[in-house]
Amino acid sequence: MSTVVIYKSKYGSTEQYAKWIAEELGADLKNADHLKLDDLLPYDTIVYGAGVYVGCIAGIALIADNYEQLKDKKLIVFTVGLTDPADEKKYDDLLTKNFTWTMKDAVPAFHFRGALDYKKIGLGNKLMMKKMKIPEANYVSKEQIQPLLKSLGSSKPANKPENTTTKIYDTPRLTIETRHVHLPNGKDRNYLFVQPVPAVCILPTDETHVYLIKQYRAVINEYILEVPAGGMDNGSETPLECAKRELAEEARLSAKEFVPKGYVYSTPGFCTEKLWLFEARGLAPCEDCARDEDEIIDVVKVPKAEVFAMIDRGEIVDAKTIALLTRSLAKLNSD
Ligand SMILES: Cc1cc2nc3c(=O)[nH]c(=O)nc-3n(C[C@H](O)[C@H](O)[C@H](O)COP(=O)(O)O)c2cc1C
């Protein structure tokens, strides 16, 4: 595992934090000035630290502009400023302003308190800071880096519980458990983990129509419009095999072509369920297909041109169905 700590520092506090972190991790240390994407690519883990000046994280474009190419690496950002890290709202605003929204969900960020020394800053900045009545201060201290080190598994204070798991329900198709989790921001929380087998959704289409199923859902006591979908059999099925089976069982259709449309998570707040999406083309009837006894299903032919109006009117309310229709037909809607 190769790690680099990169810093962007005007007055030295961020550089000091970066040196401490690099020392603790045994990582390379680099000044961000003149670094390019190519300089980052050889590393598995990238820790980027920067001073905050007038609400901007210095040089964050190095990460934000190259996030697509860096997102599969372990990325961590730390910021250094006078703001108190306890002011979570202010920090959240700073990240919203400086991170792309995909980064904000995925990249752990830590804030360390910096310093202000009027002797080090230029006249313009000095006047601005004095006008804002910001006094000189020096909050720089090594212990502030502990949560960041911990998130990389490099520091294990005594008396901290390991991640603990309690099983509540355990079947081949679904497990439910509670877990004690150490979060990347250093905090600890208990979470409920609902873990079904991965599932597949299929949108049968022809030139002009999509085929949805109207299905009775006992849990919500409603008939709703959905795409055919179902869980992958005990991990032995591939998403494509599952797509073929579910299309036959639920819509009584076969298809010449299954076009992958990526995946979505259904409810990532508490459930690990990953839904693989497919569009099915070249449809043919499959009358002798088996159907589960509890499935009460009608196939409904919907014009493609009507789909988004139906979503708008609340006639399609199933989230996976809206996701797959959007992935397949969004282009049609934007034309
Ligand atoms: C002109 C100026 C603007 C600043 N703006 C902010 C700010 O918006 N938020 C903050 O938390 N700290 C702010 N600070 C404090 C710096 O972030 C702090 O001095 C930090 O230690 C700078 O990092 P460095 O020492 O690595 O340059 C500002 C400092 C100066 C001189």
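Two strands count as paired if DSSP finds at least two bridges between them. The exercises below apply this to a predicted model.

**Exercise 1. Describe the antiparallel pairings in which strand E10 takes part, and state which residue in the hairpin of E10 and E11 takes a positive phi.**

Solution. Begin with strand E9 (residues 165-170), which pairs with strand E10 (residues 174-182) in the antiparallel sense over 5 bridges. The connection between E9 and E10 is a hairpin of 3 residues, and within this pairing Lys167 has Glu177 of E10 as its bridge partner.

Next, follow E10 to strand E11 (residues 188-196), with which E10 forms 9 bridges, again in the antiparallel sense. Here Thr178 stands opposite Leu192 in E11.

Finally, examine the 5 residues between strands E10 and E11, where Gly186 takes a positive phi near 90°.

**Exercise 2. Work out the strand order of the open sheet that contains E13, and identify which strands lie at its edges.**

Solution. The sheet is built from 3 strands in the order E14-E13-E18, with antiparallel pairing. Strand E14 (222-226) and strand E18 (297-303) are the edge strands, since each pairs on one side only. From one strand to the next, the twist averages 30°.

To look at one pairing in detail, take strand E13 (residues 209-217), which is joined to E18 by 7 bridges and runs antiparallel to E18; in this pairing Tyr211 stands opposite Lys301.

**Exercise 3. Characterise the surroundings of the ligand: which residues come nearest, which elements supply the shell, and what polar backbone atoms are found there?**

Solution. Start with the shell, which holds 21 residues, of which Ser9, Thr14, Val52, Tyr53 and Ala115 come nearest to the ligand. By type, the shell divides into 10 nonpolar residues, 10 polar residues and 1 charged residue.

Then assign elements: helix H1 (13-25), strand E3 (45-53), strand E5 (74-81) and helix H7 (123-131) each supply at least two residues of this shell.

For the polar contacts, the cut-off is a pair of N or O atoms within 3.5 Å. A polar backbone atom of Tyr11 is 2.7 Å from an oxygen atom of the ligand, the corresponding distance for Gly12 is 3.3 Å, and a backbone N or O atom of Ser13 lies 2.9 Å from a ligand oxygen. The protein covers 92% of the 630 Å² of accessible area that the ligand has on its own.

**Exercise 4. Compare the record's annotation of residues 45-64 with the model.**

Solution. An unreviewed UniProt entry lists residues 45-64 as "transmembrane region". In the model, this span is 20% helix and 55% strand, and its end C-alpha atoms lie 16 Å apart.

Notes. Residues numbered from 1 in each chain as written. Predicted model: local features only at pLDDT ≥ 70, side-chain atom pairs only at ≥ 80, totals over all residues. Heavy atoms only, no water. Near = heavy atom within 4 Å. Polar contact = N/O pair within 3.5 Å; in protein donor to acceptor, adjacent residues only side chain to side chain. Areas by Shrake-Rupley, 256 points an atom, 1.4 Å probe, with all protein chains shown as cover. Helix = DSSP H or I, 4+ residues; strand = E, 2+ residues; numbered from the N terminus. Nonpolar A, V, L, I, M, F, W, Y, C, P; charged D, E, K, R; others polar. UniProt positions renumbered as here; feature names shortened; annotations may be inferred. Axes fitted to C-alpha atoms, helices over the stretch in contact; angles between N-to-C directions.
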